[in-house]
Amino acid sequence: MTEPVRVRGSVIVPDAELVWRFSRSSGPGGQHVNTSDSKVELRWDLAASEALPPVWKERALERLASRLVDGVLTVRASEHRSQWRNREVAAARLASLLGEATAPPPKARRATKPSRGMVERRLENKRHRASLKQGRGRIKPE
């Protein structure tokens with residue numbers, strides 16, 4: 001089987017909770033593509049899963065709400081001609097999605113004030129640019 005789906009750190013989605021479905025891929029490929037089920041659909045019931053810590057699960061449910069259908073997350077892969085490679089791609093996508101969805105929120109930005117010297121340099125630069133541009137104007141005939 002493929003490598004286990006690692007969310008982050010030591011947290012792994014058990015294989016028993018994953019539901020794999022295979023079907024024929026669309027697109028070009030000749031006779032081979034018409035007979036092989038290389039398209040992969042990986043489903044995981046996030047809402048019913050006990051694999052994630054409660055805080056992570058809550059975060060994932062909130063962040064992936066637009067992708068969930070009745071609490072089930074679905075990932076599809078059909079780029080490759082082999083089912084095996086598509087399985088690996090689907091598992092990697094699921095792991096990536098879960099990794100991003102369970103990541104802690106970024107630190108809040110602390111508002112800071114520009115230093116006095118920086119403000120003065122910016123204003124001096126503005127004055128310099130203004131004078132340069134004013135010097136480009138037409139000279140009025142007298």
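**Close-up 1. The two faces of helix 2 in this predicted model.** Start on the outside: Pro-54, Val-55, Glu-58 and Glu-62 are exposed, and they sit on the face of helix 2 turned away from its buried side. The helix itself covers residues 54-63, and its buried residues are Trp-56, Lys-57, Arg-59 and Ala-60. Looking down the axis of helix 2, these buried residues fall within an arc of 165 degrees, so they line one face of the helix. And what do the buried residues of helix 2 pack against? Strand 1 (5-8), strand 2 (11-13) and helix 3 are their packing partners.

**Close-up 2. An open sheet of four strands.** The strands run in the order 3-4-6-5, and the pairing is antiparallel. Strand 3 (18-23) and strand 5 take the edges, each with a single partner strand, so one side of each is left without a neighbour in the sheet. Helix 3 packs on this sheet and touches strand 3, strand 4 and strand 6. The direction of helix 3 makes about 140 degrees with that of strand 6.

**Close-up 3. Strand 6 and its pairing with strand 4.** Strand 6 spans residues 72-77 and is mostly covered, with five of its six residues buried. Strand 4 (residues 39-45) pairs with strand 6 in the antiparallel sense, over six bridges. To pick out the register, find Leu-42, whose bridge partner in strand 6 is Val-75. Then move to Arg-43, which has Thr-74 as its bridge partner in strand 6.

**Close-up 4. The hairpin of strand 5 and strand 6.** Strand 5 is a short run, residues 68-69, and pairs with strand 6 in the antiparallel sense over two bridges. Here Val-69 stands opposite Val-72 of strand 6. Two residues lie between the strands of this hairpin, and Asp-70 takes a positive phi near 55 degrees.

**Close-up 5. Asn-86 and its surroundings in helix 3.** Helix 3 runs over residues 83-102, and Asn-86 is found in it. Is Asn-86 buried or exposed? With a relative accessible area of 0%, Asn-86 is buried. Leaving aside residues up to four places away in sequence, Asn-86 touches Ser-38, Lys-39, Val-40, Ala-77, Ser-78, Glu-79 and His-80. Two of the strands seen earlier come back here: Lys-39 and Val-40 fall in strand 4, residues 39-45, while Ala-77 falls in strand 6, residues 72-77.

Key
Residues numbered from 1 in each chain as written. Predicted model: local features only at pLDDT ≥ 70, side-chain atom pairs only at ≥ 80, totals over all residues. Heavy atoms only, no water. Buried < 20%, exposed > 50% of the residue type's maximum accessible area, 1.4 Å probe, protein only. Pairing = 2+ DSSP bridges. Contact = heavy atoms within 4.5 Å. Axes fitted to C-alpha atoms, helices over the stretch in contact; angles between N-to-C directions. Arc of directions from axis to C-beta.
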